[in-house]
Amino acid sequence: MAFIDNLLDKAKKAGKTIVLCEGEDKRVVEAASKIVKEGIAKIILVGTEEECKKVAPGVDLSGIKLVDPATSSDADKYAELLFKAREGKINKKTGAPEYADVAAAKAYIQKDRTMFGALMLKAGDADGFVSGACHSTANTIRPGLQVIKTAPGIKTVSSCFIMVAPDGGNKYVPEGVTLFADCALNIQPTAEELCDIAAATAETASKIGGIEPRLAFLSFSTKGSGNDDKYGQTVPKMQKALELTKAAHPELTVDGEFQFDAAVAPEVGELKAPGSKVAGHANVFLFPGINAGNIGYKICQRMGGWMAIGPVCQGFAKPLNDLSRGCNVEDIVATVAVTALQA
């Protein structure tokens with residue numbers, strides 16, 4: 001795929017260091033080895049040599065920096081960072097402080113590799129963070145929210161998938177790449193949050209996807225043809241999101257609300273939304289909620305043969321990305337490349 005080749009080439013030139021938190025996962029170990037051998041990025045792998053060889057026997061670990069939280073000389077430094085970041089925070093279940101002292105924070109990070117990796121990123125010992133191959137999205141994102149936190153001026157942390165067309169391309173997506181958002185983090189975003197998601201995804205499309213974004217707010221309705229006021233009220237929400245986005249980001253090419261076919265197929269777009277600059281030509285798709293988004297990207301991936309890179313996280317102060325637990329080695333390699341370009 002030309003897009004992937006270009007992505008990897010740009011990552012090689014960036015020369016970034018990425019921490020992978022799951023040395024216990026065969027796919028992650030294999031991806032780490034491939035990334036280092038091909039010079040895509042420098043890799044810190046959280047795990048031990050023994051467990052890496054156990055899950056991925058025969059994999060060459062040379063060039064990979066292995067870090068064991070239980071014995072790391074940086075554990076005290078990271079524990080101090082965590083304690084300061086969470087000082088005064090109360091555990092909702094126990095009513096007690098999350099960490100009574102630095103020693104308690106250290107005991108925690110020596111067991112929680114995802115948090116350990118996030119603190120490595122926080123400390124500046126890595127340029128980016130990738131996890132999630134064998135951990136849930138919640139377990140991956142929580143450390144980001146707790147210690148990395150959001151970039152200045154950002155209200156909404158979101159995600160998108162970079163969808164890469166299979167060999168042979170797709171007649172509706174001539175660039176060969178499109179973006180779906182938000183399919184992983186925001187369950188039922190408000191119109192205001194959708195405005196933030198639209199702006200963030202447009203930036204990812206331009207910076208990482210290398211495309212000029214044409215954004216479509218999606219629905220089961222096109223330009224008011226449907227209405228769900230008695231139920232989910234998603235149609236008016238998408239209409240409001242469009243209004244807010246146009247007002248806040250007049251530089252963006254955006255329209256809606258569209259059914260998917262009206263957004264992507266020129267013959268349908270011209271019929272249902274004549275005169276629109278986006279209808280029939282969209283390459284960034286904004287879903288009304290995680291149900292539609294998550295189902296949509298997985299159909300595209302599994303039945304359409306598209307490669308799904310992500311979830312690519314948007315809005316953190318430093319690059320922190322999640323993996324689908326169904327990912328393969330190539331997905332991990334691509335996500336590391338994206339993370340390197342975000343740094």
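**Exercise 1. Describe how helix 7 is placed relative to strand 4 and strand 11.**

Solution. Helix 7 (residues 137–148) lies across strand 4 (128–131) and strand 11, and it runs at about 165° to strand 11. Angles run from 0 to 180 degrees between N-to-C directions, and axes are lines fitted to C-alpha atoms, for helices over the stretch in contact. Helices (H or I, at least four residues) and strands (E, at least two) are DSSP runs, numbered from the N terminus.

The model is predicted: local features need pLDDT of at least 70, side-chain atom pairs count only at pLDDT 80 or more, and totals for chains, interfaces and linings use all residues. Residues are numbered from 1 along each chain as its sequence is written, and side-chain values use heavy atoms, with hydrogens and water left out.

**Exercise 2. State the strand order of the open sheet of 5 strands and identify its edges.**

Solution. Step one is the order, which is 3-2-1-4-11, with parallel pairing; two strands pair if DSSP finds at least two bridges between them. Step two concerns the edges: strand 3 (65–67) and strand 11 (320–322) each have a single partner strand, so one side of each is left without a neighbour in the sheet. Step three is the twist, which averages 20° from one strand to the next. Finally, strand 2 (residues 42–46) pairs with strand 3 in the parallel sense over 3 bridges, and Leu-45 stands opposite Leu-66 in strand 3.

**Exercise 3. Compare the packing of helix 1 and of helix 2 against helix 13.**

Solution. Two packed helices are described by the angle between their axes and the distance between the axes.

Step one treats helix 1 (residues 2–14) and helix 13 (residues 329–342): they pack at about 50°, with axes 9 Å apart. This angle makes helix 1 oblique to helix 13; angles under 35 degrees count as roughly parallel, over 145 as roughly antiparallel, 65 to 115 as roughly perpendicular and the rest as oblique. The crossing of helix 1 past helix 13 is left-handed. A crossing is left-handed if the near helix is turned anticlockwise from the far one by less than a right angle, and right-handed if clockwise.

On the helix 1 side, the contact involves Leu-7, Leu-8, Lys-10, Ala-11 and Ala-14; on the helix 13 side, Val-333, Ala-334, Ala-337, Val-338, Ala-340 and Leu-341. The residues of this contact divide into 10 nonpolar, no polar and 1 charged. Ala, Val, Leu, Ile, Met, Phe, Trp, Tyr, Cys and Pro count as nonpolar, Asp, Glu, Lys and Arg as charged, and the others, Gly among them, as polar. Contact means heavy atoms within 4.5 Å.

Step two treats helix 2 (residues 26–38), which packs with helix 13 at an angle of about 55°, the axes being 9 Å apart. Helix 2 is therefore oblique to helix 13, and it passes helix 13 in a right-handed crossing. Here Arg-27, Val-28, Glu-30, Ala-31, Lys-34 and Ile-35 of helix 2 meet Val-329, Ile-332, Val-333 and Val-336 of helix 13. By class, this contact has 7 nonpolar, no polar and 3 charged residues.

**Exercise 4. Characterise strand 10 by its burial, its pairing with strand 5 and the peptide bond at Pro-311.**

Solution. For burial, 8 of the 8 residues of strand 10 (residues 307–314) are buried, so it is largely enclosed by the rest of the structure. Buried means under 20% relative accessible area, exposed over 50%, and partly exposed in between (1.4 Å probe, protein chains only). For pairing, strand 5 (residues 158–164) runs antiparallel to strand 10 and is joined to it by 6 bridges; the bridge partner of Val-164 is Met-307. Pro-311 is found in strand 10, and the peptide bond from Gly-310 to Pro-311 is cis, with omega near 10°.

**Exercise 5. Locate the other cis peptide bond, between Ala-181 and Asp-182, and the positive phi values at Lys-149 and Lys-223.**

Solution. Most residues other than glycine have a negative phi, and most peptide bonds are trans. Ala-181 and Asp-182 are joined by a cis peptide bond with omega about -15°, and Asp-182 is in the loop between strand 6 (177–181) and helix 8 (191–207). Lys-149 has a positive phi of about 65°; it lies in the loop between helix 7 and strand 5 and is partly exposed, at 38% relative accessible area. Lys-223 has a positive phi of about 50°; it lies in the loop between strand 7 (214–218) and helix 9 (234–248) and counts as partly exposed at 43% relative accessibility.
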